[in-house]
Amino acid sequence: MTDFTQNSPDTIESYKKKLIEETSKTVYSLTDDEELLNDLVDGMIINENRYGYPSCPCRMANGDLNTDRDIICPCVYRDSDLAQFGMCYCGLYQTEEFINSGNKIKPIPDRHSGKFSTTEAEKSSDTVSFNSKTVPVWRCTVCGYLASVEFPPVKCPVCKAKSDRFEKTSLVTRSI
Ligand code: SF4
């Protein structure tokens, strides 16, 4: 029987190196907590071996690609969580502000679970109806990049403009 629970330090190190390299080409930052990073990478490799895709190491996957598509890392909830909490659900991705603040990761609501109610969301946004998957479209006023996510991206992935340069243009219903 295949053992999905053991990854060698070399396997973890090589996956981690690739992840760090890829992330360094983006506007995103990974946690600087080495132990957490190793644990999460280990979980992603286990999931990739088990399901054929690196589903979120902090969530229970279904094993069906169509059902799990939204939680393949990086999940579709990452940007909204970074904008609202400074970290993704697992803490793998964190904003520079969060890292520099020295804050420790803490449990945050799981948007994927469906338990992140409209009421909770509306505490910090007047535009979201998450249960019905209606989200705003944000336009980067510097380069025109469009993102249909709950909160404006922390940084524009194209021109690196900060979130305050995004304007809300409309609402769309996403089928995620
Ligand atoms: S919560 Fe973080 S680690 Fe989990 S899938 Fe989303 S981006 Fe990846």
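## Helix packing, loops and ligand surroundings in a predicted model

Leu30 is found in the loop between α1 and α2. In this predicted model, Leu30 is buried, because 20 other C-beta atoms lie within 10 Å and a residue with 20 or more counts as buried. Beyond its neighbours within four places in sequence, Leu30 is in contact with Ile20, Thr23, Leu37, Leu92 and Tyr93. One of these partners, Leu92, stands 62 residues away from Leu30 along the chain, yet the C-alpha atoms of the two residues are separated by 5.6 Å.

The loop that holds Leu30 belongs to a protein chain with six helices and three strands. Read along the sequence, these elements follow the pattern α-α-α-α-α-α-β-β-β. The protein chain has 176 residues, of which 30% count as buried. Among contacts between residues at least 6 apart in sequence, 47% join residues at least 24 apart.

The two helices on either side of Leu30 were examined next. Helix α1 comprises residues 9-24. The 16 residues of α1 should span 22 Å at 1.5 Å a residue, and its end C-alpha atoms are indeed 22 Å apart. Helix α1 is hardly covered, since the count of buried residues among its 16 residues is zero. Helix α2, formed by residues 34-51, has 18 residues. From its first C-alpha to its last, α2 reaches 25 Å, close to the 26 Å expected at 1.5 Å a residue. In contrast to α1, for which the count of buried residues is zero, α2 has Leu40, Val41, Gly43, Met44, Ile45 and Asn47 buried. The buried residues of α2 pack against α1. Just after α2, Gly52 takes a positive phi of about 95°.

Two packed helices are described by the angle between their axes and the distance between the axes. For α1 and α2, the packing angle is about 100° and the axes are 9 Å apart. The two helices are therefore roughly perpendicular to each other, as angles of 65 to 115 degrees are assigned to that class. By class, the contact of α1 with α2 has six nonpolar, two polar and two charged residues. On the side of α1, the residues that take part are Thr11, Ile12, Tyr15, Lys16 and Leu19. Their counterparts in α2 are Leu37, Asn38, Val41, Asp42 and Ile45. An α-helix has 3.6 residues a turn, so residues three or four places apart point the same way. Of the α2 residues in this contact, Leu37 is also in contact with Leu30, while Val41 and Ile45 are among the buried residues of α2. Asp42 is also paired at a distance with Gln6: their C-alpha atoms are separated by 8.4 Å, with these positions 36 residues apart along the chain. Gln6 lies in the segment before α1 and is exposed, with 8 other C-beta atoms within 10 Å.

Further along the chain, a loop connects α3 (65-68) and α4 (78-85), and Pro74 is found there. The peptide bond from Cys73 to Pro74 is cis, with omega near 0°. Helix α4 is largely enclosed by the rest of the structure, because seven of its eight residues are buried. These buried residues are Arg78, Asp79, Ser80, Asp81, Leu82, Ala83 and Phe85. Gly86 follows α4 and has a positive phi, near 80°.

Cys73, which precedes the cis bond to Pro74, is also among the residues that come nearest to the ligand. The ligand is surrounded by 14 residues, of which Cys56, Cys73, Cys75, Cys88 and Tyr89 come nearest. By class, this shell has 13 nonpolar, no polar and one charged residues.

In the part of the chain that holds the strands, two loops were considered. Gly144 is placed in the loop between β1 (134-140) and β2. Gly144 is exposed, with 10 other C-beta atoms within 10 Å. The C-alpha atoms of Gly144 and Cys159 are separated by 9.4 Å, and the two residues are 15 residues apart along the chain. The loop between β2 (146-148) and β3 (166-173) includes Lys160. Phi of Lys160 is near 70°, a positive value in a residue other than glycine. Lys160 is partly exposed, with 13 other C-beta atoms within 10 Å.

Note on methods:
Residues numbered from 1 in each chain as written. Predicted model: local features only at pLDDT ≥ 70, side-chain atom pairs only at ≥ 80, totals over all residues. Helix = DSSP H or I, 4+ residues; strand = E, 2+ residues; numbered from the N terminus. Buried ≥ 20, exposed ≤ 12 C-beta atoms within 10 Å, placed from the backbone. Contact = placed C-beta atoms within 7 Å. Expected span 1.5 Å × (residues − 1). Near = placed C-beta within 6 Å. Nonpolar A, V, L, I, M, F, W, Y, C, P; charged D, E, K, R; others polar. Axes fitted to C-alpha atoms, helices over the stretch in contact; angles between N-to-C directions. Parallel < 35°, antiparallel > 145°, perpendicular 65-115°, else oblique.
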